[in-house]
Amino acid sequence: MINRNQLLTLLIVFAIIGTAPFLITRESTLNTVILILYVALLGQAWNILGGYGGQFSFGHAAFFGTGAYSVAVLQLQYGINPWIGLFIGGLLAMGVALFIGFASFRYGLRGSYFALVTLAFAEVLRILSNSVSFTGGGVGILIPLSRDPANMQFANNVGYFWLIWALCLACFLTVWWLGRSRFGAWLQAVRDNEDAARALGVDVFATKMKAAALSGFFSGLAGVFYAQFYLYLDPAIAYGSAVSIESLLVPIIGGMGTLFGPLIGAAVTHLLAETTRHFVGDVPGIALAIYGLLLILVVMFLPRGLISIFGRIGGLFGSRRAADA
Amino acid sequence: MLEVDGITKSFGGLKAVDGVSLSVKQGSLVSLIGPNGAGKTTFFALITGFHRPDGGTVQFDGKNIMGAKPSDIAQAGMVRTFQIVQPFAGQTVRENIAVGAHLRHASRRDALDRAAEVAEKVGLGDRLDMDAASLTVAGRKRLEVARALATDPKLVLFDEVLAGLNPSEIRDVIPVIRAVRDSGVTILLIEHVMQAVMQLSEYTWVLNQGRLIAEGPPRAVAADKAVIEAYLGPGMAARLSAQAKREPAHA
């Protein structure tokens, strides 16, 4: 069964990634791996709703930022440990996703309308976080340094590596489960043809809401990680469009609706951006320009994403065609 | 099994379905016919919850299902197909049918097994792993039938499953529909292809401009003056019967 192979492949891939802290001694190289995993988590979270559910969000920053601000504000204002904040952040992000989902799916918004509504919500949150005091407003919020694993702060990158590795693995396992569960089948049916799905007994609204909740939760976890990794947040970072764009670019470039697409997309976009930076220097906005170019090329020549290259080699990476059988 | 009473739906000033009442008995194979734009598909959409009726009642299996969601109606055992086939493109035939099977089977494996079984029944057994988008029109019609059957329905509403097929394909699909009925599923067909209605159904209703204009066994209905005029235009019934009298040999 290809599906079992897919799980095996997933575990092997993560085991290989897990050797990074042992093999890589340079702090900056490990940093790159951490960022790739972080972007893969962002992308995979978007992939649940966008790739598997066909609901293209342009505002995943709303979930990401909520997770990030939750963990920061809870620590600073209420002294709540970030490990607990991790879950609260994820759940609050899920709450935001459910709210936005309810507001748009209830009224049957799809396609570009849904994209615009999500974008608007993220912007509203950005402006709100700029104007209220507990987020630190435009000045931002600084999480005080206390390098202790108990505070989800690590003395070196290895700790952060394992944190993001574990979060990423949890998200990827969830998406693997999507590929072999009734909920996943219904979600993909909704993506491919809402009316046909409805006629076959699929509760389209409930299915989209569940997907939004899952997607928002993992996006929120990525936000928590970001806050703990950089220890600084401001409204533009948390709720700005950069996160939203990164969230959707990664799976689109890697392969929407596939398990490994976001990982491939994250690795390729990130390495490309790093390489460019190496050769061209730190030109502002160059990474986005490169992403844009890559996106155009992928959409033109590989509409099913970079993963479709692997599909030809043996289908081991399991595009959605090979998801069962 | 299905009791529709005085169901009505307007779109703006147009009464698409106007006070239609009919009742389908368990185990029967019946049909609803009518010229283009008569309101047949709207009628299906009304009783399966896709559109909300303006008035009237719908009872299925003794329960009032007016205003229920399509998913709840499917859960209760009434499933429709679409005139314009709606495959989940990019998914295989097996995956397509499994979506229907999941209504009664929570496990992926059970749903996929059930999908293979149903595919065999409708003659798609050899195309299980093909992309649904690459099926021929006839294949897609079979897929529509298969997906609906995979939900283990009590009543299936087939919306023009034979339209767009050539005569030999129609000959192939008719036994499939018969077999469905013989397996205990009640069937209500919407059909354009008169030959099929004649062959298949036991009882038929004729819809024209949103109203029922005739009902009865198909042969009787086909000879009905109002029905002929609805299809062929006013005055045609008289001309046809005059022609039949002149040329009795061809009649």
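This is a friendly dialogue on how to read some features of a predicted model with chains A and B.

Reader: Let's begin where the chains meet. How many residues does each chain bring to the contact?

Author: Chain B brings 30 residues and chain A brings 26 residues. The area buried between chain B and chain A is about 2,300 Å². Carbon and sulfur atoms give 57% of that area.

Reader: Which three residues of chain B supply more of its buried area than any other three?

Author: Look for Phe88(B), Val99(B) and Arg108(B), which supply 21% of the area that chain B buries against chain A.

Reader: What about charged partners across the boundary? How many salt bridges does the rule find there?

Author: Between chain B and chain A there is 1 salt bridge. Asp203(A) pairs with Lys69(B), and their closest N and O atoms are 2.8 Å apart. As for polar contacts between the two chains, the count is 5 residue pairs, both residues being at pLDDT 80 or more.

Reader: Which elements of chain B each supply at least two residues to the side that touches chain A?

Author: They are helix 2 (70–76), strand 6 (78–80), helix 3 (93–101), helix 4 (108–122) and helix 5 (137–150) of chain B. That side of chain B divides into 13 nonpolar, 9 polar and 8 charged residues.

Reader: Now to a helix in chain A. How does the length of helix 5 of chain A agree with what its residues should span?

Author: Helix 5 of chain A has 24 residues, 82–105, and at 1.5 Å a residue these should span 34 Å. Its end C-alpha atoms are 32 Å apart, which agrees.

Reader: What can I find at the start of helix 5 of chain A?

Author: There, a side-chain oxygen of Asn81(A) reaches to within 2.7 Å of the backbone nitrogen of Trp83(A).

Reader: And which residues of helix 5 of chain A are buried?

Author: Among them are Pro82(A), Gly85(A), Leu86(A), Gly89(A), Gly90(A), Ala93(A), Val96(A) and Ala97(A). The general idea helps here: an α-helix has 3.6 residues a turn, so residues three or four places apart point the same way. The buried residues of helix 5 of chain A pack against helix 3 (27–52), helix 4 (61–78), helix 6 (111–131), helix 7 (157–178) and helix 10 (204–230) of chain A.

Reader: Let's return to salt bridges. How many does a search of the whole structure find?

Author: The search finds 18 salt bridges over all chains. One case is Arg198(A) with Glu194(A), at 3.7 Å from N to O. Being 4 residues apart in helix 9 (residues 194–199) of chain A, Arg198(A) and Glu194(A) are separated by about one helical turn. Arg198(A) is partly exposed, at 22% relative accessible area, whereas Glu194(A) is buried, at 7%.

Reader: Which residues are linked with Arg198(A) and Glu194(A) in a network of salt bridges?

Author: Arg110(A), Asp195(A) and Lys208(A) are linked with them in that network.

Reader: Where can I see a salt bridge that links distant parts of chain B?

Author: Try Lys9(B) and Asp54(B), whose side chains meet at 4.0 Å, N to O. Lys9(B) is in strand 1 (residues 2–11) of chain B, and Asp54(B) is in the loop between helix 1 (40–47) and strand 4 (55–60), 45 residues apart. Lys9(B) counts as buried because its relative accessibility is 12%, and Asp54(B) is partly exposed at 49%.

Arg94(B) and Asp129(B) form another salt bridge, at 3.3 Å from N to O. This pair also links distant parts of the chain: Arg94(B) is in helix 3 of chain B, and Asp129(B) is in the loop between helix 4 and helix 5, 35 residues apart. Arg94(B) is buried, with a relative accessible area of 18%, whereas Asp129(B) counts as partly exposed at 44%.

Reader: One last feature is the backbone angle phi. What should I know about its sign?

Author: In general, most residues other than glycine have a negative phi. Here, Asp152(B) has a positive phi of about 50 degrees although it is not a glycine. Asp152(B) lies in the loop between helix 5 and strand 7 (155–159) of chain B. Glu160(B) is not a glycine and has a positive phi of about 50 degrees. Its place is in the loop between strand 7 and helix 6 (167–182) of chain B.

Reader: Is Glu160(B) buried or exposed?

Author: Glu160(B) is buried, with a relative accessible area of 3%. Asp152(B), at 33% relative accessibility, counts as partly exposed.

Key:
Residues numbered from 1 in each chain as written. Chains lettered and ligands numbered in written order. Predicted model: local features only at pLDDT ≥ 70, side-chain atom pairs only at ≥ 80, totals over all residues. Heavy atoms only, no water. Contact = heavy atoms within 4.5 Å. Buried area = accessible area lost by both parts, 1.4 Å probe. Polar contact = N/O pair within 3.5 Å; in protein donor to acceptor, adjacent residues only side chain to side chain. Nonpolar A, V, L, I, M, F, W, Y, C, P; charged D, E, K, R; others polar. Expected span 1.5 Å × (residues − 1). Buried < 20%, exposed > 50% of the residue type's maximum accessible area, 1.4 Å probe, protein only.
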